[in-house]
Structure formats: structure tokens, C-alpha cells
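Work through the following exercises with the sequence and the structure side by side. Each task is followed by a solution that goes step by step.

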Amino acid sequence: MTENSGPRHGGAPASRGRTTIADVVVEKIAGMAARDVPGVYALGSGFARSMGSMRERMPGAGSGKSATRGVSVEVGQREAAIDLEIVVDYGVSITDVAGAVRESVISAVERMAGREVVEVNITVSDVKLPDEEDEEEERQQIR
């Protein structure tokens, strides 16, 4: 009895082509992973967030930019380096939040993009105070 398994090709399927992952894909993965960490209020500086908020209200403006705001990456064939700018909630341990963000981002990028994350640099650009939300909402309603 003979087996007919069709044409045979040498090598594993992974060696039969190349997969390229755009930087923006890694930026979005890192951004979403960072946002999921408790204690992270937002990504990007206060100025970048307010400009992004205005941009998103403009007709025809895409929402994709908000997913990558505060995230910068350098992606190679096997490695990635990530820079994040975050705003944390008042009262949380900044070092604990930064450590959790780093762990979440590394895990997500390595699992989803298959790139070894060599570094995750985090800049905490602001602290979201409890009463700031009311002021921000009032400013948006005035416009």
C-alpha cells in the first residue's frame, strides 16, 4: 500500500517565505497592552491627548492614531524596542504600574508579533488627579 501525500517540498512551511510586520502593528499591540494595565489612565502627554481628542472629532479623521498615541517602536526582523509615554492615575505606585506595563507589553508583542522585545522604555509624563476629569469634561462641553 502506498501513501499519496501530494507533492513534497523540502523544509518547514516557515522557511518558504517571509512575514513582514509593519511598525504600526507593533505600536498598536504595545499600546493596547499598556492601556489594559490597571493604573494607566492614558498614553501620550497631556498635550498629545488633547490634540488627539480634537483631531478625532474632525470629520473623516481616523481613530487609528489614538491606538498608537504615546507609542514609538523600532522593529527589526527578530527584535523590537519600544518607547511608551504614559499618564498614571493618582495614588498608584508608579514603579509597580511601570513594571506591569513593561511585562504586559513584552508578553503581548512577543506572543503576537514573534519579536523579542529587547527594551521597553517608559516615560511617565503626567498624573491624572481625581478632579481633573471634571475640568476636562467641562472644557469639552464649552467648545
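**Exercise 1.** Determine what share of the residues in the chain is buried, and describe the surface that the chain exposes.

*Solution.* In this predicted model, the chain has 143 residues, and buried residues make up 29% of them. Turning to the surface, the chain exposes about 9,500 Å², and carbon and sulfur atoms supply 50% of that area.

**Exercise 2.** State how many helices and strands the chain has, and in which pattern they follow each other.

*Solution.* Counting the elements gives 5 helices and 4 strands. Reading along the sequence then gives the pattern α-β-α-α-β-β-α-β-α. As a further step, consider the contacts between residues with a separation of 6 or more: 74% of these contacts in the chain join residues 24 or more positions apart.

**Exercise 3.** Locate Glu27, decide whether Glu27 counts as buried or exposed, and list the residues that Glu27 touches.

*Solution.* Glu27 is found in helix 1, which covers residues 23-35. Its relative accessibility is 17%, and because buried means under 20% relative accessible area, Glu27 counts as buried. Leaving aside residues up to four places away in sequence, Glu27 touches Ala67, Thr68, Val71, Ser72 and Val73.

**Exercise 4.** Place Ser66 and Ile106 in their helices, and find how far each C-alpha atom is from that of a residue elsewhere in the sequence, taking Gly31 for Ser66 and Ala33 for Ile106.

*Solution.* Begin with Ser66, which belongs to helix 3 (residues 64-68) and, at 22% relative accessibility, counts as partly exposed. Although Ser66 and Gly31 are 35 residues apart along the chain, their C-alpha atoms are separated by 9.2 Å.

Continue with Ile106, which has its place in helix 4 (residues 94-113) and also counts as partly exposed, at 27% relative accessibility. Ile106 and Ala33 are 73 residues apart in sequence, while the distance from C-alpha to C-alpha is 8.8 Å. Ile106 touches Val117 and Val120, when residues up to four places away in sequence are not counted.

**Exercise 5.** Name the residues that form a negative surface patch, and explain why Glu119 meets the accessibility condition for such a patch.

*Solution.* The negative surface patch is formed by Asp23, Glu74, Asp83 and Glu119. Of these residues, Glu119 lies in strand 4, which covers residues 116-128. Glu119 is partly exposed, with a relative accessible area of 40%, and therefore meets the condition that patch residues have over 30% relative accessible area.

Definitions and conventions:
Residues numbered from 1 in each chain as written. Predicted model: local features only at pLDDT ≥ 70, side-chain atom pairs only at ≥ 80, totals over all residues. Heavy atoms only, no water. Patch = residues over 30% accessible without salt bridge, like charges linked within 9 Å, V, L, I, M, F, W, Y side chains within 5 Å. Areas by Shrake-Rupley, 256 points an atom, 1.4 Å probe, with all protein chains shown as cover. Salt bridge = Lys/Arg side-chain N within 4 Å of Asp/Glu carboxyl O. Lys, Arg positive; Asp, Glu negative; His and termini not counted. Charge placed at Lys NZ, Arg CZ, Asp CG, Glu CD. Helix = DSSP H or I, 4+ residues; strand = E, 2+ residues; numbered from the N terminus. Buried < 20%, exposed > 50% of the residue type's maximum accessible area, 1.4 Å probe, protein only. Contact = heavy atoms within 4.5 Å.
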